[in-house]
Structure formats: structure tokens, C-alpha cells
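Work through the exercises below with the model open. Try each task before reading its solution.

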Amino acid sequence: MVEDPTLILVVEDNPANRELLVEYLEAERFDVVEAGDARSGFELFKVRRPDLVLLDVMLPDDSGFNLCRRMKSVSRKFVPVVLVTALHETADKVEGLGAGADDFLSKPIIREELVARTRSHLRVKRMVDKVEMYQAELARFNQRLQEEVDLRTRQLQGALADLKRAKELTEQTQQEIIERLGIASEYRDQETGNHVRRMSHLVHELALAFGLSSATAELFRQAAALHDIGKIGVRDHVLLKPEQLDEGEAELIREHTIIGASILANPRTELLHVACQMARSHHERWDGLGYPDGLKGDEIPLPARLCTVADVFDALTTRRVYRREPMSYQEARNEILQGSGTRFDPAVVSAFDQCFVRVMQAREAAEP
Ligand SMILES: [Fe+2]
């Protein structure tokens, strides 16, 4: 690599001494600029940006110490300053070092010493320049890297936010579709129009009182909307008949559990799996006398056992085609308690009793 020409600034008021310094340095193929006082020396320093300065301590308009201090304060790069002096006092050298000088050269000038010290300081300067260059390059590289990282981070955050929004939208859509499907299953049965919403609330409250997690309670709440979906397949003249049903008609009504389970069969999600269990088994009884499978005790899936209590409580307290007057909450509560261990899972009834007040509040909150 070809080095740039080296420029040395000589500031010396004595013309003979200055000439000698310039002659010695030019003989070594250095470029030299010269000044005879501090003011012009400082101007040359700022304009020409020398690689090294040889500076007389005694100048007519200022001291070399002051000039050295000013040069060091305005220079962003390392420029060695060598004070040329006839002074030998330690105090002078201490002041020179305090002013930022890098070395001293004694008068009278000895040519070999001048050249050796000049070359030595220029070598140090080149090394310092390289280190500074690498540091600047490293700083630029780090800056670019940081900008790249910031950009990627922002892109990733944007993508994650989009994903979160899409997920929320999907969940909301799924929840709403399920709720509307549940309403569709009740649509023809005018007197139980809000049954689905009340049921969902009750199942949620029961699940929490039973000790299930809020996530599971929420899952059960959504799934409960579909417990009577099988009613879609029950004919109007049976479903809407105000009189007592005969055995054949009652059998047709009971089939809504089978129909519901077949609509929800082979589910691909946990939600529909639970919904399928509820649809099939919400008319099972703890003592095994329910339908459609006559399951007994723990054989009945837990979601269905919760669903049963919620379904019966809601039916007892609601006006329906086949019952004239609905029960009061207290009467319905007693009915549920009396069914513990026969019709209902005792643990679910216990949970129901614990949260009875909250259940009533949930019931009232769900009323239109
Ligand atoms: Fe049902």
C-alpha cells in the first residue's frame, strides 16, 4: 500500500534554526510547512492538517505550551507534537506534558536524533490512525447491524400483531358461529328461545364452582350452546306439541341426543369433542336410568353431567309448552338437591349449591 506523503509542520521563530530543521526533514523526503510565530503556526495546523508538529517553546506571540494545548484541543485525530527547547528544567517538561506534548527535542538540534524521533512518532501515529480507522469501521458496522436488527424486530412485531389479530378474529368467529348454531337448534321452540344463552352461563358457573380452570369453563360454556342441536332433526308436530306426548312421540324427542351426537361426530377440535359429549349424554342420569345409553356415574362424561344440572335447572324455571307455570329459583334448587345421587352427580349438585346465588345472578344477567 502506498502511504500518503507525510507532512510536518515546523513552528520556530529563529530563521536559522527553522531552516536547519526544514533542511534535515526535506532531506528525508518529508513535506514540510513552516511558521515563525504561534498565530500562523496555528492557522497552518488547522488548514494543512500535518502528521506531526515540531514546536519551539519560545515564540514571539505566545508560548509553545499554549499553542500545543490549542492544537491538541482542536484536532480530532492524533497528531504528535514534539517540543523543541533549550530548556532543561524538569518543571518545563512537566508543563509541556501537561499541555499535551508527546516528546521533547533539545537544542542544539542533532540531525540523527531529529530523524530518529520523527520517524518513531510517525510510526506511532500511523498505528493510532489504523486503530481509529478500524474503530470507526466497527462503529459503522455496528450501526448498520443495529438498524437491521431494529428493522427485523419491527417487521416481526408487526407480523406477530397481525397473527394475534387473525387468531382473535378466528376465535371470535368460531364462538359466534357456534352460538348462532345453538340458537338455530332452538329456533322453532319459541318458548325456550333464550335457553341456549342461559344454559351456557350456567354451565360456565358450574364448571368454575366445580374447580375447573377458567379456560376449561370457557370451553364448556361455548360447547354447551350445542347441547340440543339434535332438535333440528325432531319434527314440529312432536317438538311443538302442547299436550302430553305419547310413548312413541317421547321416543322421537329422546332421539335428539343421538341426532345431535351424529351431527357432531368425529370432531377435529376439543370444543366440538366436548359439544358432542354434551349433545349425546345430557339426558343421562347418575343412577343409570337416563338415555340414550343408560350410562351410570362416572361413565357419563363430566361436561354432560354439568350440562344436565344446568339444563334441568333452566327448564324448571322457564315456561315451556308442556308446563304451565315455571318454578321459583328456590323450588328449582330444592328439586336439584333432591336429585343428587339419583338423577345428578352429587359432586356437581354440591358445586351447584355452592354457587347458587351466583347462578341466579348469571341467570338474571342472561335474561333479555
Ligand atoms: Fe336436550
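The model is predicted.

**Exercise 1. A helix pair and its contacts**

Task: State which residues of H11 meet which residues of H12, and classify the packing of H11 and H12 by angle.

Solution.
- Step 1. Start with the contacts. From H11 come Val274, Gln277, Met278 and Ser281; from H12 come Pro303, Ala304, Cys307 and Thr308.
- Step 2. Take the geometry. The angle between H11 and H12 is about 55°, and their axes are 8 Å apart.
- Step 3. Classify. H11 is therefore oblique to H12.
- Step 4. Add the hand. The crossing of H11 and H12 is right-handed.

**Exercise 2. One residue of that contact**

Task: Decide whether threonine 308 is buried or exposed, and list its contacts beyond four places in sequence.

Solution.
- Step 1. Place the residue. Threonine 308 belongs to helix H12.
- Step 2. Apply the cut-off. Buried means under 20% relative accessible area. Threonine 308 has 6%, so it is buried.
- Step 3. List the contacts. Neighbours within four places in sequence aside, threonine 308 touches Ser281, His282, Glu284 and Phe344.
- Step 4. Link to the metal. His282, one of these contacts, is also among the protein donors of the iron ion.

**Exercise 3. The iron site**

Task: Name the protein donors of the iron ion, and assign the geometry of the site.

Solution.
- Step 1. Name the donors. Asp228 gives OD, while His256, His282 and His283 each give NE2. They lie 2.1 to 2.4 Å from the iron ion.
- Step 2. Read the spacing. Along the chain the donors follow D-x27-H-x25-H-H.
- Step 3. Locate two of them. Aspartate 228 is in the loop between helix H7 (214-224) and helix H8 (236-239). Histidine 282 is in the loop between helix H11 (270-281) and helix H12 (302-316). The two are 54 residues apart, and the pair links distant parts of the chain.
- Step 4. Check burial. Aspartate 228 and histidine 282 are both buried.
- Step 5. Test the angles. Tetrahedral needs all angles between 85 and 135 degrees. The angles among the four donor atoms run from 80 to 164°, and the site is irregular.

**Exercise 4. A second helix pair**

Task: Classify the packing of helix H2 and helix H3 by angle.

Solution.
- Step 1. Take the geometry. Helix H2 (residues 38-48) and helix H3 (residues 64-74) pack at about 20°, with axes 11 Å apart.
- Step 2. Classify. Angles under 35 degrees count as roughly parallel, so H2 is roughly parallel to H3.
- Step 3. Add the hand. H2 and H3 cross in a right-handed sense.
- Step 4. List the contacts. Ala38, Gly41, Phe42, Phe45 and Lys46 of H2 meet Leu67, Arg70, Met71 and Val74 of H3.

**Exercise 5. Two residues, two environments**

Task: Assign an exposure class to alanine 101 and to isoleucine 259.

Solution.
- Step 1. Place alanine 101. It sits in the loop between helix H4 (90-98) and strand E5 (103-106).
- Step 2. Classify alanine 101. Its relative accessible area is 8%, so it is buried.
- Step 3. List its contacts. Beyond four places in sequence, alanine 101 touches Cys68, Val81, Leu83 and Gly96.
- Step 4. Place isoleucine 259. It is in helix H10 (residues 256-263).
- Step 5. Classify isoleucine 259. Its relative accessible area is 22%, so it is partly exposed.
- Step 6. List its contacts. Beyond four places in sequence, isoleucine 259 touches Gly230 and Gly233.

Note on methods
Residues are numbered from 1 along each chain as its sequence is written. This is a predicted model: local features need pLDDT of at least 70, side-chain atom pairs count only at pLDDT 80 or more; totals for chains, interfaces and linings use all residues. Side-chain values use heavy atoms; hydrogens and water are left out. Donors are N, O and S atoms within 2.8 Å of the metal (3.2 Å for Na, K and Ca); water is not among the atoms, so sites may look incomplete. Four donors count as tetrahedral if all angles lie between 85 and 135 degrees; four count as square planar and six as octahedral if opposite donors are over 155 degrees apart and all others between 65 and 115; anything else is irregular. Helices (H or I, at least four residues) and strands (E, at least two) are DSSP runs, numbered from the N terminus. Buried means under 20% relative accessible area, exposed over 50%, partly exposed in between (1.4 Å probe, protein chains only). Axes are lines fitted to C-alpha atoms, for helices over the stretch in contact, and angles run from 0 to 180 degrees between N-to-C directions. Angles under 35 degrees count as roughly parallel, over 145 as roughly antiparallel, 65 to 115 as roughly perpendicular and the rest as oblique. A crossing is left-handed if the near helix is turned anticlockwise from the far one by less than a right angle, and right-handed if clockwise. Contact means heavy atoms within 4.5 Å.
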